[in-house]
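Thank you for making time this morning. I would like to walk you through some side-chain contacts, so please have the model open.

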Amino acid sequence: MNITLLTRRKILGAFFLSGLLLTGSVSYIHQVSAQTPAAETTANSEAYVRDELYFGRSQPGGAEVTEEQWQKFVDTEVTPRFPDGLTVIDAYGQFLNSAGILDREDSKVLILLYVSTPERERSIQEIIDAYKSKFQQESVLRVTDVPARVSF
């Protein structure tokens, strides 16, 4: 049986990767899985909800929500409702709009961590409604009810 050099390298590479998976990374996987159960609590952690809001920046007519407009929106609409903190990430996304057209646009992702209350739910809906109204948006994507254990 004649095995070519390329085939030999592929076989050795597969054994090498298998060896890595079965040795050094096992302890890493164990450590990660030991820390992820939502029901697990520590003395310094609290149960929070994580919300992600995706704000498209394209507006009808080709305009775009500027950095200054976005920051003013955060300062006037978001921060007063979530003064304890928030995270904003620049993103790029695409979606199929209601007319069946693929829209691609720059976006902002707002991440909020909070203790769930009816007031917080109302606050998030008010933020979404304000953005849609102010910047003529069809929608704001919301990923919600992601349980999180938080400690500071």
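Is arginine 57 buried or exposed? Arginine 57 is buried, with a relative accessible area of 8%, where buried means under 20%, exposed over 50% and partly exposed in between, for a 1.4 Å probe and protein chains only. This is a predicted model, in which local features need pLDDT of at least 70 and side-chain atom pairs count only at pLDDT 80 or more, while totals for chains, interfaces and linings use all residues. Residues are numbered from 1 along each chain as its sequence is written, and side-chain values use heavy atoms, with hydrogens and water left out.

Arginine 57 meets glutamate 67 in a salt bridge at 3.2 Å, N to O, the term standing for a side-chain nitrogen of Lys or Arg within 4 Å of a carboxyl oxygen of Asp or Glu. Glutamate 67, in contrast to its buried partner, is partly exposed at 39%. Both belong to a network of salt bridges that also links Glu64, Asp90 and Lys108.

Turning to the rings, there are ten aromatic pairs in the structure, counted when the centres of Phe, Tyr or Trp rings (for Trp, the six-membered one) lie within 6.5 Å, with planes under 30 degrees apart called stacked, over 60 edge-to-face and the rest tilted. Phenylalanine 55 and phenylalanine 73 have ring centres 6.0 Å apart and planes at 65°, so this pair is edge-to-face. Both of these phenylalanines, 55 and 73, are buried. Ring pairs join Phe55, Trp70, Phe73, Tyr131 and Phe135 into a cluster.
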